[in-house]
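Visitor: I should like to understand how the terms used for a protein model are justified. Could you take me through the reasoning, one term at a time?

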Amino acid sequence: MPDLVLSETRGAVALLTFNRPNKLNALSYALIDQLMTMLDRIEDDEDIRAVVLTGAGDRAFSAGADIAEFSESVKAGPDAAAKAFVRRGQAMTARMEAFPKPVIAAVNGIAFGGGCEITEAVHLAIASERATFAKPEIAIGITPTFGGTQRLPRLAGRKRALEYLLTGDSFSPQRALEIGLVNRVVPHEQLLDAALTLAGRITRHSPLAVARVITAATRGLNVSIAEGLAIESEQFARMAATQDTREALDAWLAARASR
């Protein structure tokens, strides 16, 4: 099977590249399956402490699902389509959202449909000035299926999200920044360096603490503040007894004493 997702290591960062440039890096079933296998391997690799996702070629991060492929699933009936297409895509974005190591999207071009939903699900995102976003599923008579009807309203607010969900219109990286879909917009040639630099600012800290922060923020987002505070307390308790916390506190106190 061809390498539909390229993988390389940049220090403590795994750089994963969607590798179907002739198909605008469309998310075929095989690509999603390869990506999930890679994430499993990265989670178990203690030397890898962050992930950067990007797309091969000059045109696209990902144009979304492979329409020709999933249309065959739709023809086989709703149950077949739900199993092969919807569940697979939702499992992918849920995996990214809850991944214990930071996942950063480096959006280098078109991020439509599933490509936009990946951007919504990951922890952080940086967009090239050439990036373009859209939720075009309505134009082919379906709803977003990889979490787009749920995550975009939570990021952007209901009315702003519905404008794009209901019209299918594309929007600029600057608009993506305004609505909270991406963290930063940078010149195209600086995109990968910016994503790797952001990853480095995170990986200098305890990987256990990073994982606990991700868990607390992800789990707490859609519960009451009281439940969220309980989750925060639980994650603190899990860290407080670790060697990472003791070493970080000792280092901070030593640095303060030397001033």
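Guide: Let us begin with charge on the surface of this predicted model. Asp-44, Asp-45, Glu-46 and Asp-47 gather there in a patch of negative charge.

Visitor: What makes the patch of Asp-44, Asp-45, Glu-46 and Asp-47 one of negative charge?

Guide: Asp and Glu count as negative, and the patch is formed by Asp-44, Asp-45, Glu-46 and Asp-47. Like charges are joined into a patch within 9 Å, provided that the residues have over 30% relative accessible area and no salt bridge.

Visitor: Why is Glu-46 called exposed?

Guide: The word exposed requires a relative accessible area over 50%. Glu-46 has 74%, and is therefore exposed. Glu-46 is found in the loop between α1 and β3.

Visitor: Why is Asp-45 called partly exposed?

Guide: Asp-45 also lies in the loop between α1 and β3. Partly exposed covers the range between the limits of 20% and 50%. The relative accessible area of Asp-45 is 31%, so Asp-45 is partly exposed. In addition, a polar atom of the Asp-45 side chain lies 2.9 Å from the backbone nitrogen of Asp-47.

Visitor: How do you know that Arg-20 and Asp-66 form a salt bridge?

Guide: A salt bridge requires a side-chain nitrogen of Lys or Arg within 4 Å of a carboxyl oxygen of Asp or Glu. In the pair Arg-20 and Asp-66, the closest N and O atoms are 2.9 Å apart, and the pair forms a salt bridge. Arg-20 lies in the loop between β2 and α1, and Asp-66 in the loop between β4 and α2, so the pair ties together parts that are 46 residues apart in sequence.

Visitor: Why are Arg-20 and Asp-66 called buried?

Guide: Buried means under 20% relative accessible area. Arg-20 has 14% and therefore counts as buried. Asp-66 has a relative accessible area of 14%, so Asp-66 is buried.

Visitor: What makes Arg-88 and Asp-33 a salt bridge?

Guide: Their side chains meet at 2.9 Å, N to O, and the limit for a salt bridge is 4 Å. This pair links distant parts of the chain, with Arg-88 in helix α3 and Asp-33 in helix α1, 55 residues apart. Arg-88, at 23%, is partly exposed, and Asp-33, at 36%, counts as partly exposed.

Visitor: What makes Asp-40, Glu-43 and Arg-95 one network?

Guide: Salt bridges that share partners join Asp-40, Glu-43 and Arg-95. The structure holds 10 salt bridges; one of them is formed by Glu-8 and Arg-10, whose closest N and O atoms are 2.9 Å apart.

Visitor: How do you know that helix α4 is largely enclosed by the rest of the structure?

Guide: Eight of the eight residues of helix α4, residues 114–121, are buried, so the helix is largely enclosed by the rest of the structure. Among the buried residues are Gly-114, Cys-116, Glu-117 and Ile-118.

Visitor: What makes the patch of Ile-138, Leu-162 and Leu-166 nonpolar?

Guide: Leu and Ile belong to the nonpolar side chains, which are joined into a patch within 5 Å. Ile-138, Leu-162 and Leu-166 together have about 250 Å² of accessible area. Leu-166 has its place in helix α6. With a relative accessible area of 56%, Leu-166 is exposed, the limit being over 50%.

How values were computed:
Residues numbered from 1 in each chain as written. Predicted model: local features only at pLDDT ≥ 70, side-chain atom pairs only at ≥ 80, totals over all residues. Heavy atoms only, no water. Buried < 20%, exposed > 50% of the residue type's maximum accessible area, 1.4 Å probe, protein only. Helix = DSSP H or I, 4+ residues; strand = E, 2+ residues; numbered from the N terminus. Areas by Shrake-Rupley, 256 points an atom, 1.4 Å probe, with all protein chains shown as cover. Charge placed at Lys NZ, Arg CZ, Asp CG, Glu CD. Polar contact = N/O pair within 3.5 Å; in protein donor to acceptor, adjacent residues only side chain to side chain.
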